[in-house]
Protein chains: 2
Amino acid sequence: MIVELDRSRELPLYLQISRQIRDQIRSGELPPGTRLPPERRLAAMLGVNRTTVVNAYRELAAEGLIVGHVGRGTIVAGAAGDGAGTGEPRGIPWGQLFTEATDVMNDPLLRDTMLVSARADVISLATGIPSPELYPIDAIRALLDEALHTAGQELLQHCPTEGYPPLRAALADWMAGNGPPPEPDQVLVVAGSQQGLYLLARALLEPGDLVAVESPTYLGAIQVFRAAGARLLPIPVDADGMRVGLLEDLIARRRPKLIYTLPTFQNPTGATMSLERRHRLLALAAREQVPVVEDDPYGALRYDGRPIPPLRALDSHGSVIYLSTLSKVLFPGFRIGWIAGPRPLIERLALMKQIVDLDTNPLAQWAVWAFLDRGLLAEHVERLRQAYPRRRDAMLAAIERHCAGMLTCERPDGGLYVWGRLADGLRARDLLPEAARRGVAIAPGSSFHPDGEGENTLRLNFTLPREEEIDLAIARLGEAIAALRGSRSTGAERRDAARATPIV
Amino acid sequence: MIVELDRSRELPLYLQISRQIRDQIRSGELPPGTRLPPERRLAAMLGVNRTTVVNAYRELAAEGLIVGHVGRGTIVAGAAGDGAGTGEPRGIPWGQLFTEATDVMNDPLLRDTMLVSARADVISLATGIPSPELYPIDAIRALLDEALHTAGQELLQHCPTEGYPPLRAALADWMAGNGPPPEPDQVLVVAGSQQGLYLLARALLEPGDLVAVESPTYLGAIQVFRAAGARLLPIPVDADGMRVGLLEDLIARRRPKLIYTLPTFQNPTGATMSLERRHRLLALAAREQVPVVEDDPYGALRYDGRPIPPLRALDSHGSVIYLSTLSKVLFPGFRIGWIAGPRPLIERLALMKQIVDLDTNPLAQWAVWAFLDRGLLAEHVERLRQAYPRRRDAMLAAIERHCAGMLTCERPDGGLYVWGRLADGLRARDLLPEAARRGVAIAPGSSFHPDGEGENTLRLNFTLPREEEIDLAIARLGEAIAALRGSRSTGAERRDAARATPIV
């Protein structure tokens, strides 16, 4: 169920809620028997008074669209008339027409997280966005002005599906800082690394194929692979990254089609795969002829410790498909990512991209090219590497101050995230509404686990909040955890024991 | 087979060609038995001397990768060693790993067309791009500068997957000029209408489903539907648009899942569906509960005759999904299109877009919003409606002058294209290399026919070439047709008769 409120509209909030739910019931999006969220929970998510939700539900109940059941909550009622049997054309039954593949994507916990995160009165630690106040806005303004002045006609047209050629070359050069660079024609520009993952899934995965992934891993990857009909083989992560030894044991029996890894400052845990495991993973991939997708959005953002080469730089058998993005080191709005890999794969992906969206905004590509070509990206990354560890340390200190004994965290050497574990069997999904009520958003860790594990984990981003907001946000989080502990001091362990069986 | 030449590189052209073909053979992209294009044809496509291709093929033959067969042409040889059997890891066999769905997209005729079209010495009539010298570059420069100055932090971040909210509202307002507008939350912003079609196909089509389409129709739609595994039910187009009566006869028996139509200034024929047929199509769709996708990129570009309302404005049963784009009335580089439809569909499509690319460039969305909001788009469209009919008429006059008796055309009331038929059973695929040799690119009509028919048809665009180039381009085309006629005056009819059986 998706409800979005527009506080600038005159329509009262309870009517906005009831109207959206009504539409979803009538269209079949919410079929009979669907359980609606409890009033308190929905109120907390939307940041409204509980009475508002009560009034909305009352409206719907009066129309016979929903019914309350003791013990089962509020349920969508059986289908109403809708003019059936009158001989009139009945309109399109949209709910019946949708393909199945799309059903997997609507995780209510995620939607809740996004709703809370978007509220103006909330400090969000739930995203993966770099610090907006550090965006090089003036440089981008000057570049766009120059671009349109010198080459407007060209840059407002289409460009090759594979990418603006000078940008392909500049990205290859950028990679030369960290291992042997690819040739420019081995680089495909994509609309953000999300599109890169999507194209890879479409090119390489048939329904039923198995993909080995870290557990936990990037949420967008879980969604993309599931949407392609693939099954996931979760390999746990520890402080040295993916536990490659477990994959070695499984690979011959399970035959994954693809291995997906974020080896450096992993999302969500911040862990980095050791050099020894990198070599073992590559040997395994070469022996079994299984391609490895190395997703590396954060590699440039190291704050401590010695650099470890990316997998692609250690690979001597051509097994690695390298995926990265400008979204974490620059900003996400230009939607520019890239894939570097063997030519046959790049050509295949380009054919698919032509179907999916033809090409990527050439003006944005030009601006990113110029930013790279003039050395501005290297300078910008240097600035981030000064600013971000201060925020990370501020967050860790605040957790020490406000959450001692309730939340434990590791100190990541780079990236954007602190990964936390709740004590006492508390669940992040229960923390979400408590935190929302106090004006802070977190990302529940179970969403990053393909098997639904990690109920006690959560991810905290330290780059979107301003440095001076971090302590306040963590203080609010501490209050929320304390409140949850108080309200649940009895039943929590019992409930957790009951759901210890993995879902997959 | 894809070969791209970079004339700025030091590597001789023949080595660029042989190297790319070699890579494609080694990777399995070109499996043993594949027939390579004849030397003369490849030379004409790439705009190189025939000797260059001869030398490239000689290199490959010397390595044993290709062989010449009398009567069969040049063929990829059986697999070579590749280090198999040495016990060494063998590298990833990419050619074996690709999914099947992607194979349908690599139409060699289209690749040829694009290669020719991109050559600097060629006047291209093959595209669908609005006149670059009319792009409102200064206005866009000023808007982007204002955007970054006033809201840079926000506009370089992510924005809602559904689109920048003010743009959704402005697009709904824009539609009010032509029928009742949708609510803003019924509008989904997409990365060009190609992405809109892609999302619709993914949301509504399972492999094996049937889609009723016009024949001929938009090439990108054929590709999208085929890539989704759908089959196509071609309904012929005449001067009054889709022959709806034929669809009425077929619909109960064939049960298409979707009807796809470009009712106004159709791509590629320029035909407009009559009001009477629009009403019949809508009645049919409502009775059979089959959704209609109305693709309307050109509706605002009417030069003559009385406007006919879009299908969506005539629809009283909610059967129509409306799809449009800014690419034809503004420029394609911002990659902004939109879908307007029922809320459950919009929500479903937004969930899919989140998987595909998360969101669309918010800076571009802001600029388009401001362009609409300040009335600049309406003024711009007025300018196009002054300029484009002059080019259309220049093209028709040039055809009269240079191609009389060889090429017949209708005069479209709007849009970007003139549709032509070659006399004497000549085929556009044979004309393509003749025209390329003389410096003009055309789009062969058979590519727009889902059943491979229309070998004697071609599409000519009159907006990309400058007004003063049109006569020259058509003069070159006339020479090419005359040359083809001369060289083929004997065997042409015979060959055409042999392939009159439809492919589907």
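This report walks through the two chains of a predicted model, from their symmetry and interface to the domains and a few backbone details.

## Two copies and their symmetry

Let's start with how the chains relate to each other. A turn of 180 degrees, with a shift of 0.0 Å along the axis, lays chain B on chain A with an RMSD of 0.1 Å. That is the relation of a two-fold axis. Of the interface residues of chain B, 100% are also interface residues in chain A, so the copies meet through the same surface.

## The interface between the chains

The contact brings together 87 residues of chain B and 88 residues of chain A. Between them the two chains bury about 8,400 Å², with carbon and sulfur atoms giving 59% of that area. On the chain B side, B:Trp94, B:Leu156 and B:Ile355 supply 9% of the area buried against chain A, more than any other three residues.

Charged and polar pairs also cross this interface. There are six salt bridges between chain B and chain A. For one you can look up, take B:Arg141 and A:Asp145, whose closest N and O atoms are 3.1 Å apart. Counting polar contacts gives 21 residue pairs, both partners at pLDDT 80 or more. Helix H13 of chain B, residues 343–356, gives the most to the side that touches chain A, with 10 residues. That side of chain B has 42 nonpolar, 22 polar and 23 charged residues.

## Domains of chain A

Within chain A, the division is into domain 1 (13–98), domain 2 (123–128 + 379–498) and domain 3 (137–374). Domain 2 of chain A is therefore written as two segments, 123–128 and 379–498, by the domain assignment. The C-alpha centres of domain 2 and domain 3 of chain A lie 27 Å apart, and their contact takes 23 residues from domain 2 and 26 residues from domain 3.

## Where domain 2 meets domain 3

Domain 2 and domain 3 of chain A bury about 2,200 Å² between them, 62% of it on carbon and sulfur atoms. Three residues stand out on the domain 2 side: A:Asp413, A:Phe448 and A:Pro450 supply 28% of the area that domain 2 buries against domain 3, more than any other three residues. A:Asp413 also meets A:Arg302 in a side-chain salt bridge, at 4.0 Å from N to O. In total, three salt bridges are found across this domain interface.

The polar contacts between domain 2 and domain 3 of chain A come to 13 residue pairs, both at pLDDT 80 or more. On the domain 2 side, the elements that give two or more residues are helix H15 (376–402) and strand S13 (417–422) of chain A. The largest share, seven residues, comes from H15(A). By class, this side of domain 2 divides into 11 nonpolar, six polar and six charged residues.

## Backbone details worth a look

Both chains carry a cis peptide bond to a proline. In chain A the bond joins A:Ser215 and A:Pro216, with omega about 5 degrees, and A:Pro216 is found in the loop between strand S5 (210–215) and helix H9 (219–227). In chain B the bond joins B:Ser215 and B:Pro216, again with omega about 5 degrees, and B:Pro216 is found in the loop between S5 and H9 of chain B.

Two residues of chain B are also worth checking for positive phi. B:Gln289, which is not a glycine, has phi near 55 degrees and lies in the loop between helix H11 (275–288) and strand S9 (292–295) of chain B. B:Asp424, likewise not a glycine, has a positive phi of about 65 degrees and lies in the loop between strand S13 (417–422) and helix H16 (428–437) of chain B.

How values were computed: Residues numbered from 1 in each chain as written. Chains lettered and ligands numbered in written order. Predicted model: local features only at pLDDT ≥ 70, side-chain atom pairs only at ≥ 80, totals over all residues. Heavy atoms only, no water. Least-squares fit on C-alpha atoms with pLDDT ≥ 70 in both. Contact = heavy atoms within 4.5 Å. Buried area = accessible area lost by both parts, 1.4 Å probe. Polar contact = N/O pair within 3.5 Å; in protein donor to acceptor, adjacent residues only side chain to side chain. Helix = DSSP H or I, 4+ residues; strand = E, 2+ residues; numbered from the N terminus. Nonpolar A, V, L, I, M, F, W, Y, C, P; charged D, E, K, R; others polar.
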